[in-house]
Amino acid sequence: MAFKLPELGYAYDALEPNIDARTMEIHHTKHHNGYTSKLNAAIAGTDLENKSIEDILTNLDMSNGAVRNNGGGFYNHSLFWTVMNPNDRGYLSGDLKDAIEAAFGSKEAFIEAFSNAAATQFGSGWAWLCVLPGGKVEICATPNQDNPLMPGVSCTGTPILGLDVWEHAYYLNYQNRRPDYIDAFFNIVNWNEVEKRYAAAK
């Protein structure tokens, strides 16, 4: 069964002024759509064809560049759209708040650490908040379209918050000002979704 490009759940201009409509449209209809179609082509006729994207990535042969890059691109963007919301974002609370404060001391310290991971990821990549067995959380960054589900990457666990720091995610509006884009991201984080992902992952 082929993977399908997921809907955003909101209009392309809904995240303005934090992320502009043109960037969202290109990012979704060109970049994410491209990863989706290339992933389907890469797994067609193989034993991966009927597996979930999580199963594919968790058991990935990292030398399979087509599945690694496009499977990662499909999964990463699918998570990215859901952890942003123009309206019903909620706020950091409950067990996730407790886990973040246990790991980083405060929400502010967490945002600083996450922002630093995103800002210092050299070249294209992602910053992640991940959940380890038992509920502990950690921050890491990965290059290109790698993510913590894949074997042998720099961090493990289940990603529950991800930020795309490829230039295509921000360059039309922010040019080389990646830190400004990272700051804007925290204006639109969908904490309700992140908390739901935390509860499922721990």
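In this predicted model, Asn144 sits in the loop that links strand E2 (137–143) to strand E3 (158–164). Its backbone deserves a glance: phi of Asn144 is near 55°, a positive value in a residue that is not glycine. Asn144 is partly exposed, because its relative accessible area of 40% falls between the 20% and 50% limits.

Gln175 makes a good companion case. This residue is found in the loop between helix H6 (171–174) and helix H7 (178–185), and Gln175 also carries a positive phi, about 50°, although it is not a glycine. With a relative accessibility of 31%, Gln175 counts as partly exposed.

A further backbone feature appears in the segment before helix H1 (21–43), where Pro17 is found. Here the peptide bond from Glu16 to Pro17 is cis, with omega near 5°.

Turning to the overall fold, the protein chain contains eight helices and three strands, and from the N terminus the order of elements reads α-α-α-α-α-β-β-β-α-α-α. The C-alpha atoms fill a box of roughly 50 × 40 × 30 Å along the principal axes. The radius of gyration of the protein chain is 16 Å, which agrees with the value near 17 Å for a compact globule of 202 residues. Of the contacts with a separation of 6 or more, 69% join residues 24 or more positions apart.

Buried residues make up 49% of the 202 residues. The accessible surface comes to about 9300 Å², and carbon and sulfur atoms account for 49% of that area. As for charge, the protein chain has 15 positive and 24 negative side chains, with the centres of the two sets 2 Å apart.

Definitions and conventions: Residues are numbered from 1 along each chain as its sequence is written. This is a predicted model: local features need pLDDT of at least 70, side-chain atom pairs count only at pLDDT 80 or more; totals for chains, interfaces and linings use all residues. Side-chain values use heavy atoms; hydrogens and water are left out. Helices (H or I, at least four residues) and strands (E, at least two) are DSSP runs, numbered from the N terminus. The radius of gyration is taken over C-alpha atoms; the globule rule is 2.2 Å times the number of residues to the power 0.38. Buried means under 20% relative accessible area, exposed over 50%, partly exposed in between (1.4 Å probe, protein chains only). Contact means heavy atoms within 4.5 Å. Accessible areas come from the Shrake-Rupley method with a 1.4 Å probe; for residues, only the protein chains shown count as cover. Lys and Arg count as positive and Asp and Glu as negative; His and the chain ends are not counted. The place of a charge is taken as NZ of Lys, CZ of Arg, CG of Asp or CD of Glu.
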